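Student: Could you walk me through a model and show me how to read its features one at a time?

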Amino acid sequence: MKQAEKEQYLREYAILKSQGKPFFPYAVAKDSAMAVVVMLVIIALSLVLGAELGPKADPTTTTYVPRPEWYFFFLFELLRVIKPPILTPLATVGVPTLAMVLLLTLPFYDRSAERRPERRPVAMAAMILTVAAMAFLTYQGANAGSPNSVDMPTPTSLSPTQAAVFNQGKLVTAQSGCLACHKIGDNGNDGPGPPLTNVGARLPAQAIERTLQNPTAPMPSFANLPPQKLSALVAFLSQLK
Amino acid sequence: MPRIKLPTPPRPSALQPKPPRPGEEDKKAGPLDVAAEGGIRAVDWIDERTSLSSATRWLLFRKVPKGTNWFYTLGSASLIAFVSQATTGVFLAMYYDPSANHAYESVRYITNEAFLGAFVRGMHKWGSSVMVVLVFLHMARTFVFGAYKYPRELNWIIGVVLLILTMAMSFTGYLLPFDQRSYWATIVGVNINGSGPIIGPFLSDFLRGGPDFGATTLSRFYAIHMLLIPGLLAALIGAHLYLVAKLGTTAPPWMKAEADPELTKATA
Ligand code: HEM
C-alpha cells in the first residue's frame, strides 16, 4: 500500500470513527447479548449431547476406529485423498503448513488498498474454494465407513487349523481398526493406507510382521498386540493373495 | 483529589431529578447517598494510586465506527468461549489425575459421580467445538471485511497464532480422557506430526516424551494443555485486544466517509 493510500485510509477512518457511537454502552450491549447466546448454546449442547466416555484405552486392541474430533476430519480425509505414499508427508504436514504460512503472510502479499469484498474477486474466490474444500472433506470424513467387521469367505483350500487361524486373524483385523485406513476386499476405506486385498502376494509374512511392529507414519504401531493375536493377524494377511 | 464523574445516560424529562425547592437544599443525605459517596471514595482511592481512570475511560468511551454490526461480536464471542473453557477446565482439573493408570478412572468419576461433573465435562467438551467454530467465523469476518490490511496487519498475524493455538488445545485435550477413541486418535495424530520433514520426528518425540507412547505422554499432554498453551493464549489475546482498542475496529468496507455537512458548509 502506498503512503498516500495509507493516509487516505486513516483520514476516512477518522471520520467514520468520529461519527460512531461510544464502545460503552453500545458495543458492550451487543457483545453481552452475543455472550449470553454463546453460553446458552454451550449449556444446551452439554445438556443434550453430554460427554460420553468410551472403553478404557487399551494398547493391545483398538476396538475403536481411530477418529479425531470432528473439526480435524478434513485433515484426516486429506490423507485419504492424496494417496501415493511418497506424497503422504505432503498431505499430512505440507498442506496444513502451507495453509498456515499463506494465512500468516496474507497482509504482506495482498497489498492492495481495496477492502470491499465484491472488488476483491481473487481473495473471495480463494476463500470460497478453501471453505468448500474443507466442508467437503469434513463431510466425507464424517461419512467415512468405520465397519468393525471383515466380511469375506474362508478359503476352502485351508486345513481346519489354518482356517481357525485365518478366522482369528480376521477378527483381530476387524477389532484393530485397520479398516479405518485400509481396504480389504469390499471392506474398509480406500486410504490413507494401501489396500490389503492382496498383501500376501506382495509381501512375505516377515515383512508384514515388521510393518505391524514398526510401521511408517501415520499408521500406528501394533507391537503391543499379544504375540498370539499378532501371529494370527500376520497369518491372515499373508493368506490374502 | 481526583473525582470520577460517570456520565449519566439521557433520561426522559419525567424521570429527571427535580431541582430542590427553596429551603430543601440542606436535606440530610440519605443512606443511598452515603453508599454512593463511599463507592466514589473507594474508586478515588484506587485511582489516586494507579491513575487507571484515564485508561478505563479510553477503553470504554472510545468510539466504534459508524456501521459496526453484529458480525463484530464474533471476536468477543470467541473470548467468552475461551473464558468458559478456562473456567470449566479449572473445575475438571480439581478431579483429573494425569497418570496413565488413573486418568480414565478420574474421568469416569467426574462423569458419573462428581456433583454436576457430567455437565461441566460436557460444557468443556462442546465448548471446544463452539470456540473453534467462533474463531473460524471471526477470522472469516476479518478476512471478508479486509480488516487484515493496513494498519491492522500485526493483529491478523497474532490472530493466526491464536487459531493455531486453539487447534493445538483441542488436539492435546482429546487424549486426556484416555479412552480407546482418544488414545488411538492421538497416536495417529502424533505419527502424522512425525512424518513432517526435519523437525517432525523431534516434535513427535517431544510430544510422546520418548520414542514410545507411554505414561509420560499423558502428563506431557496435560501440562501442555492446561499450562503452556492457555498461558500463551491468554497473553496473546491480551495483545490482540490491546491492538484492537489502540487501532480501533474497522468500519464495514462499504461505509462511505463523508465529513459532517456542518463542517463542509462552514469552510465552503
Ligand atoms: C482466541 C481467539 C480470538 C479472540 C478471543 C479474538 C478477539 C477479538 C476481538 C474481541 C476483536 C474486536 C472486535 C471484533 O472484530 O470482533 C478482534 C478483532 C480482530 N481479530 Fe481477533 N480474536 C481471536 C482470533 C483471531 C483470529 C484467528 C484472527 C485471524 C487470523 C483474528 C484477527 C482479528 C483482526 C484482523 C481484528 C481486527 C478487526 C477489525 O478491526 O475490524 N482474530 N479479535
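Tutor: Happily! Let's begin with how helices get their labels: a helix is a DSSP run of H or I that holds at least four residues, and helices are numbered from the N terminus. Keep in mind too that this is a predicted model.

Student: Then where does P151(B) lie?

Tutor: P151(B) sits in the loop between α5 and α6 of chain B. The peptide bond that joins Y150(B) to P151(B) is cis, with omega at about 0 degrees.

Student: How should I read a cis bond in general?

Tutor: Most peptide bonds are trans, and most residues other than glycine have a negative phi. Chain A also has a case to look at: a cis peptide bond joins F24(A) and P25(A), with omega about 5 degrees. P25(A) belongs to helix α2 of chain A.

Student: Which residues other than glycine have a positive phi?

Tutor: L116(B), with phi near 60 degrees, and F178(B), with phi of about 55 degrees, are two to inspect. L116(B) is in the loop between α4 (103-112) and α5 of chain B, while F178(B) is in the loop between α6 and α7 (180-194) of chain B.

Student: Is F178(B) buried or exposed?

Tutor: The cut-off for buried is under 20% relative accessible area. F178(B) has 8%, so it is buried. L116(B), at 46% relative accessibility, counts as partly exposed.

Student: Now for the metal. Which protein atoms are donors to the iron atom of the ligand?

Tutor: They are NE2 of H138(B) and NE2 of H240(B), lying 2.0 to 2.1 Å from the iron. These two histidines link distant parts of the chain: H138(B) is in helix α5 of chain B and H240(B) in helix α9 of chain B, 102 residues apart.

Student: Why is the arrangement around the iron atom called octahedral?

Tutor: For six donors, opposite ones must be over 155 degrees apart and all others between 65 and 115. Here the 6 donor atoms subtend angles of 84 to 178 degrees, and therefore the arrangement is octahedral. Both protein ligands are also buried: H138(B) has 19% relative accessibility and H240(B) has 13%.

Student: How do I read a pocket?

Tutor: Rolling a probe the size of a water molecule over the atoms shows where empty space is left. In this model, the second largest pocket has a volume of about 1000 Å³. Its lining has 45 residues, and the closest to its centre are G75(B), S76(B), H138(B), L241(B) and V244(B). H138(B) appears there again, having already come up as an iron donor.

Student: Which helices supply at least two residues each to that lining?

Tutor: From chain A there is α2 (23-49), and from chain B there are α3 (74-95), α5 (117-144), α6 (153-175) and α9 (215-247). By residue class, the lining divides into 24 nonpolar, 16 polar and 5 charged.

Student: Staying with α5 of chain B, what is S129(B) in contact with?

Tutor: Leaving aside neighbours within four places in sequence, S129(B) is in contact with W70(A) and Y71(A). S129(B) lies in helix α5 of chain B and is buried, with a relative accessible area of 7%.

Student: One last residue: where does K170(A) lie?

Tutor: K170(A) is in helix α7 (residues 160-175) of chain A, and its relative accessible area of 14% makes it buried. K170(A) and P218(A) are 48 residues apart along the chain, and their C-alpha atoms are separated by 22 Å.

Methods
Residues are numbered from 1 along each chain as its sequence is written. Chains are lettered from A and ligands numbered from 1 in the order in which they are written. This is a predicted model: local features need pLDDT of at least 70, side-chain atom pairs count only at pLDDT 80 or more; totals for chains, interfaces and linings use all residues. Side-chain values use heavy atoms; hydrogens and water are left out. On a 1 Å grid over the protein atoms alone, a cavity is a set of points where a 1.4 Å probe fits but cannot get out, and a pocket is an open set with protein on both sides within 12 Å along at least five of seven lines; lining residues have an atom within 4 Å of a point. Grid points are joined across faces, edges and corners, and a volume is the space filled by probe spheres set on the points. Ala, Val, Leu, Ile, Met, Phe, Trp, Tyr, Cys and Pro count as nonpolar, Asp, Glu, Lys and Arg as charged, and the others, Gly among them, as polar. Donors are N, O and S atoms within 2.8 Å of the metal (3.2 Å for Na, K and Ca); water is not among the atoms, so sites may look incomplete. Four donors count as tetrahedral if all angles lie between 85 and 135 degrees; four count as square planar and six as octahedral if opposite donors are over 155 degrees apart and all others between 65 and 115; anything else is irregular. Buried means under 20% relative accessible area, exposed over 50%, partly exposed in between (1.4 Å probe, protein chains only). Contact means heavy atoms within 4.5 Å.
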